[in-house]
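Colleague: I would like a close look at one part of this model. Please take me through a single strand and what lies around it.

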Amino acid sequence: MTARPLSTLMAASVAAAMVIQAAGAQQRQRFLYAALPGVGGGNNLKYGGAGILVFDIDHAHTFVRRIPLQGTMPDNGRQEAIKGIAAHAASARLYVSTSRRVAAYDLKTDKLV
């Protein structure tokens, strides 16, 4: 991975850190969301392709889960590479962009909205 994609990934990861209310609990949980382009630039689906990794900020940034990039594949059958990520805590939405689209995920269900 070259310095530019790595710095973009790190900046996107930091920008995506957000606070969301835990379902049914009074205590807040803080998660870090990092959108990864996947192995080989997101083109190798054997390793899961592009997706979103979730880490628990308050517990030494331990891995929580992986959310796969959802939606239809491009016509050429290759996985899309992640270009950007943004979060909105009040609506519990995570927005992920590729060169073709912007997708919104509900962070309470991990589903594409």
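Modeller: What follows is a walk through strand 3, its partners and the side chains around them.

First, the setting. This is a predicted model. The protein chain has one helix and eight strands. Along the sequence the order is α-β-β-β-β-β-β-β-β, with the helix at the start. Of its 113 residues, 35% count as buried. The chain exposes about 6800 Å², and carbon and sulfur atoms supply 56% of that area. Now consider contacts with a separation of 6 or more. Residues 24 or more positions apart make up 35% of them.

Now the strand itself. Strand 3 covers residues 51-56. Is it enclosed or open? Five of its six residues are buried, so the strand is largely enclosed by the rest of the structure.

Next, its partners. Strands of a sheet pair through backbone hydrogen bonds, and they can run parallel or antiparallel. Strand 3 runs antiparallel to strand 2, residues 28-36, and six bridges join the two. One of the bridge pairs links Phe31 with Asp56 of strand 3. Strand 3 also pairs with strand 4, residues 62-68. This pairing is antiparallel too, over six bridges. Here Gly51 has Pro68 of strand 4 as its bridge partner.

Strand 3 and strand 4 form a hairpin, with five residues between the strands. Look for Ala60 in this hairpin. Its phi is positive, near 60°.

Side chains come next. In a regular strand they alternate between the two faces of the sheet. Start with the aromatic rings. A pair of rings is described by the distance of the centres and the angle of the planes. The count of aromatic pairs is two. One of them is Phe31 with Tyr33. The ring centres are 6.4 Å apart, with 75° between the planes, and the pair is edge-to-face. How accessible are these two residues? Phe31 has a relative accessible area of 7%, so it is buried. Tyr33 is at 0% relative accessibility, so it counts as buried as well.

Phe55 and Phe63 form an aromatic pair too. Their ring centres lie 6.0 Å apart and their planes meet at 70°, so this pair is edge-to-face. Phe63 is partly exposed, because its relative accessibility is 48%, between the cut-offs of 20% and 50%.

Go back to Phe31. Which residue lies over the face of its ring? Arg65 does, at 5.9 Å from the ring centre. Arg65 also has a polar contact. Its side chain joins that of Asp110 at 2.7 Å.

Follow that link to Asp110. This residue sits in the loop between strand 7 (102-106) and strand 8 (111-112). Set aside its neighbours within four places in sequence. Asp110 is then in contact with Arg65, Ile67, Gln70 and Tyr105.

That leads to a further sheet. Four strands form an open sheet in the order 5-6-7-8, with antiparallel pairing. Strand 5 (82-88) and strand 8 stand at the edges. Each has a single partner strand, so one side of each is left without a neighbour in the sheet. Strand 7 and strand 8 pair antiparallel over two bridges. Tyr105, a contact of Asp110, stands opposite Leu112 in strand 8.

To retrace the path: strand 3 pairs with strand 2 and with strand 4. Arg65 lies over the face of Phe31, and a polar contact joins Arg65 to Asp110, in the loop between strand 7 and strand 8.

How values were computed. Residues are numbered from 1 along each chain as its sequence is written. This is a predicted model: local features need pLDDT of at least 70, side-chain atom pairs count only at pLDDT 80 or more; totals for chains, interfaces and linings use all residues. Side-chain values use heavy atoms; hydrogens and water are left out. Buried means under 20% relative accessible area, exposed over 50%, partly exposed in between (1.4 Å probe, protein chains only). Two strands pair if DSSP finds at least two bridges between them. Contact means heavy atoms within 4.5 Å. Accessible areas come from the Shrake-Rupley method with a 1.4 Å probe; for residues, only the protein chains shown count as cover. Rings of Phe, Tyr and Trp (its six-membered ring) pair if their centres lie within 6.5 Å; planes under 30 degrees apart count as stacked, over 60 as edge-to-face and the rest as tilted. A charge sits over a ring if NZ of Lys or CZ of Arg is within 6 Å of the ring centre and within 35 degrees of the ring normal. A polar contact is a pair of N or O atoms within 3.5 Å; within protein, one must be able to donate a hydrogen and the other to accept it, and residues adjacent in sequence count only if both atoms are side-chain atoms.
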